[in-house]
Amino acid sequence: MDSPVNMKSFNPNKHLKEEFVSNLSGTSMLELFLLITTLSMILFLRSVYSSTKKGPNSAEALLKKDDNITSSKKKDDNINVVDCNKNMGSYLAAVTLDVIWIVFPAILCLTILADWTYINAVVMTLLVAFFIVARRSGFSVSQEEGVRSLRTNISAYRVSMNLLTCVCILAVDFKIFPRRYAKTETYGTGLMDIGVGSFIVANALVSRQARGIAKMNLRNAISSTCPLIVLGFARIFFTSTVDYQVHVGEYGVHWNFFFTLAAVAILTSMINLSPSNCGILGWFILLGYEVFLLLGLNEYLLSSERGPDIISQNKEGIFSIFGYWGLYLVCVQIGSYLFFGRPGDAVLRTNDWARIRVWILCLLLWLLTVFLDMCVERVSRRMCNLAYVTVVLAMNLQVFAVLTLADYVPGYKVAALIEVFDRNLLGSFLLANVLTGLVNLSIDTLFVSPFTALAILVGYAYILSIAAAVAHVCGIRLKFW
């Protein structure tokens with residue numbers, strides 16, 4: 001197969017755009033910490049505000065209506081058919097309001113307000129503290145509320161990381177998106193570097209293995225990942241002619257992240273271990289892989305020399321599977337420990353139980369990341385080394401840790417936007433990739449004004465949100481992995 005750089009592209013400025021997203025070194029760990037904190041608090045504040053709204057068209061009322069319909073129609077947790085005769089307009093209005101209160105501020109923080117990240121973090125922290133103190137008086141969390149709150153926070157965390165990734169994959173095409181947040185070339189940490197690993201973390205924490213459910217056999221795993229493999233080949237064709245973001249040097253000549261997802265699912269289906277043993281195996285794989293990297297594998301993976309064989313041409317993507325698989329297995333253990341308890345336990349732990357532990361674990365992982373980055377090997381998404389794994393874990397647990405503060409605010413409710421995206425994380429991610437391609441085909445993103453870029457990003461996010469809402473109302477669910 002020919003290399004993408006040798007094939008004809010429909011984009012006359014393909015080379016300029018490749019340079020625009022290449023040779024980047026990322027940002028500081030502190031800025032990433034503060035940025036993720038700010039984005040998490042935006043979602044927190046929206047949920048606090050929506051909990052004060054009453055009436056038949058509030059997000060709370062609409063979601064409660066969904067729950068009543070679902071419980072009366074289906075008892076199977078894996079099938080959620082929503083009554084399509086409900087007021088579609090009111091439901092979409094609730095989602096639209098969430099886009100205004102959640103997505104739009106997040107886009108501003110990632111673009112035109114990026115230079116004020118430190119100030120933004122301080123302001124958001126003060127706002128959260130104010131809401132907690134103002135509404136805390138006389139509030140206590142019962143066991144039942146704690147279970148519901150933990151489930152809500154898990155969904156909110158998974159959706160927030162998915163939304164962040166979806167926004168960034170288009171925002172990176174515009175000049176208003178800071179280059180320090182874009183994907184790094186070799187070593188370093190940009191915000192977009194975290195999105196790749198976060199998708200694996202978000203799925204592993206609530207996976208079948210983390211819940212103690214019988215593992216998927218190899219045949220079923222292969223059949224379930226066939227759509228991912230097909231999408232991987234489709235992306236090869238698309239990126240070889242239009243897209244500039246996936247080029248030689250990120251995953252290799254032909255490799256992309258869909259193949260990595262499929263490989264992780266197939267490898268996991270080949271083992272039958274308890275969640276705790278999955279974590280032990282995961283750390284063993286990560287440590288062994290890091291040793292090989294330090295012994296010279298890192299130089300081979302980062303070198304520009306490539307042989308004619310398929311492994312050499314896709315060396316980064318193939319070898320990084322060990323890092324992503326180890327990350328998945330470790331998250332299985334973390335998810336079981338924080339959320340589910342004993343294998344096969346059908347009841348989630350309470351938020352009180354998880355809150356302190358997730359904060360401690362988050363801080364320990366941040367300290368470990370700083371140590372690895374300074375003393376062992378710098379963070380590298382291309383290789384998925386140990387430092388990359390720990391920073392992805394730290395940032396994901398940080399988002400969840402912020403959301404666990406919800407129990408300190410009486411009446412905290414899930415936003416409608418979280419509900420609609422939660423059922424179609426992979427589907428929304430695929431649609432985001434399609435919309436990103438369409439935008440790049442339609443306009444030259446390098447030369448648009450900041451105002452136009454901001455309008456395009458908001459419109460793109462709104463279309464994505466409305467599509468997720470319609471799919472939710474119609475009972476459509478896409479799950480390949």
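This talk describes the fold, helix packing, salt bridges and one surface patch of a single-chain model.

Good morning. Please keep in mind throughout that the structure on the screen is a predicted model.

I begin with the overall picture. The chain contains 18 helices and zero strands. It has 481 residues, of which 58% count as buried. Its accessible surface amounts to about 20,400 Å², and carbon and sulfur atoms contribute 66% of that area. If we take the contacts with a separation of 6 or more, 84% of them are between residues 24 or more positions apart.

I turn now to helix packing, with helix 18 as the reference. Which residues does helix 18 span? It covers residues 450-473. The axis of helix 4, residues 88-110, comes within 9 Å of the axis of helix 18, and the two cross at roughly 145°. The crossing of helix 4 and helix 18 is right-handed. On the helix 4 side, the contact includes Met88, Tyr91, Leu92, Val95 and Phe104. Their counterparts in helix 18 include Leu454, Leu457, Val458, Ala461 and Tyr462.

Helix 18 also packs against helix 17, residues 425-442, at an angle of about 145°, with the axes 10 Å apart. That crossing, too, is right-handed. Helix 17 contributes Ser428, Leu431, Ala432, Leu435, Thr436 and Val439, while helix 18 contributes Ile456, Tyr460, Ile463, Leu464 and Ala467.

Next, the charged side chains. How many salt bridges does a search of the whole structure find? The search returns eight. I shall discuss several of these.

In one of them, Arg158 pairs with Asp422, with 3.4 Å between the closest N and O atoms. Arg158 belongs to helix 6, residues 143-171, and Asp422 to helix 16, residues 416-422, so the pair links distant parts of the chain, 264 residues apart. Is Arg158 buried or exposed? Arg158 is buried, because its relative accessible area is 13% and the limit for that class is under 20%. Asp422, at 24%, counts as partly exposed.

Glu316 deserves particular attention, as it takes part in a salt bridge with Arg306 and in another with Arg382. The Glu316 and Arg306 side chains meet at 2.6 Å, N to O. Glu316 lies in helix 13, residues 315-340, and Arg306 in the loop between helix 11 and helix 12, so this pair ties together parts that are ten residues apart in sequence. Glu316 is buried, with a relative accessible area of 1%, whereas Arg306 is partly exposed at 24%.

For Glu316 and Arg382, the closest N and O atoms are 2.8 Å apart. Here the link is between distant parts of the chain: Arg382 sits in the loop between helix 14 and helix 15, 66 residues from Glu316. Both partners are buried. Elsewhere, Glu31, Asp115 and Arg180 are joined into one network by salt bridges that share partners.

Finally, the surface. Which residues form a nonpolar patch there? The patch consists of Ile112, Leu113, Trp116, Ile119, Val123 and Leu127, which together have about 510 Å² of accessible area. Leu127 is located in helix 5, residues 117-135. With a relative accessible area of 35%, Leu127 is partly exposed; it therefore passes the patch criterion of over 30%.

Thank you for your attention.

Note on methods. Residues numbered from 1 in each chain as written. Predicted model: local features only at pLDDT ≥ 70, side-chain atom pairs only at ≥ 80, totals over all residues. Heavy atoms only, no water. Patch = residues over 30% accessible without salt bridge, like charges linked within 9 Å, V, L, I, M, F, W, Y side chains within 5 Å. Areas by Shrake-Rupley, 256 points an atom, 1.4 Å probe, with all protein chains shown as cover. Salt bridge = Lys/Arg side-chain N within 4 Å of Asp/Glu carboxyl O. Helix = DSSP H or I, 4+ residues; strand = E, 2+ residues; numbered from the N terminus. Buried < 20%, exposed > 50% of the residue type's maximum accessible area, 1.4 Å probe, protein only. Axes fitted to C-alpha atoms, helices over the stretch in contact; angles between N-to-C directions. Left-handed = near helix turned anticlockwise from the far one by under 90°. Contact = heavy atoms within 4.5 Å.
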